[in-house]
Amino acid sequence: MLDLHLRMSPIRNGQIHIHIPWQFRWLFVALAVVTAWVAFQTHIWNPVSIGVFALSILGFLYDERWVFDRESGEVLYRIGILFFGHHFSLGMREIDHFEFCVVHRKGKPLCQLIMWTVAQEPFLIESQGIA
């Protein structure tokens with residue numbers, strides 16, 4: 001199963017991006033190309049090949065990112081596919097603290113990075129299983 005983890009990268013102008021790695025996107029592009037090539041070569045477009053092709057395109061278009069912009073003093077979050085998605089912004093002054101913790105789900109430990117607001121509202125930024 002794909003184990004998707006967000007990556008952090010500093011960008012110009014004092015921004016930090018936490019986003020889906022490009023390798024994830026290129027994996028789905030390769031899957032779409034291979035599926036389409038096989039379907040065209042064999043002249044067989046069945047529901048399975050159409051489904052794999054559609055899911056690979058959706059996987060490529062899926063976006064999840066956190067942008068911490070020091071200049072504007074905002075934190076932006078976006079998750080979704082193209083125009084269909086959820087996004088919000090939050091002022092950096094509204095951030096109280098970050099918490100790194102280990103929780104146990106279904107008997108397996110998970111490391112989590114949580115952002116807490118001044119109003120004590122948690123936002124889960126990343127969650128990873130521990131090997």
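**Close-up 1. Salt bridge between Asp63 and Arg65 in the predicted model.** Asp63 pairs with Arg65 in a salt bridge in which the closest N and O atoms lie 3.2 Å apart. The two partners are classed by their accessibility: Asp63 has a relative accessible area of 12% and is buried, whereas Arg65, at 25% relative accessibility, counts as partly exposed. Side chains of opposite charge can pair when their charged atoms come close.

**Close-up 2. Salt bridge between Arg25 and Asp63.** The side chains of Arg25 and Asp63 meet with an N to O distance of 3.1 Å. Arg25 belongs to helix H1 (residues 22-42) and Asp63 to strand S3 (residues 62-69), so this pair ties together parts that are 38 residues apart in sequence. Both Arg25 and Asp63 are buried.

**Close-up 3. Network of salt bridges formed by Arg25, Asp63 and Arg65.** The structure holds two salt bridges. Asp63 forms a salt bridge with Arg65 and also meets Arg25 in a salt bridge, and the three residues are thereby linked in a network.

**Close-up 4. Nonpolar surface patch of Leu31, Val48 and Val52.** Together, Leu31, Val48 and Val52 make a nonpolar patch of about 230 Å² on the surface. One of these residues, Val52, lies in helix H2, which spans residues 47-61. Val52 has a relative accessibility of 31% and therefore counts as partly exposed; this value also meets the patch requirement of over 30% relative accessible area.

Note on methods
Residues numbered from 1 in each chain as written. Predicted model: local features only at pLDDT ≥ 70, side-chain atom pairs only at ≥ 80, totals over all residues. Heavy atoms only, no water. Salt bridge = Lys/Arg side-chain N within 4 Å of Asp/Glu carboxyl O. Helix = DSSP H or I, 4+ residues; strand = E, 2+ residues; numbered from the N terminus. Buried < 20%, exposed > 50% of the residue type's maximum accessible area, 1.4 Å probe, protein only. Patch = residues over 30% accessible without salt bridge, like charges linked within 9 Å, V, L, I, M, F, W, Y side chains within 5 Å. Areas by Shrake-Rupley, 256 points an atom, 1.4 Å probe, with all protein chains shown as cover.
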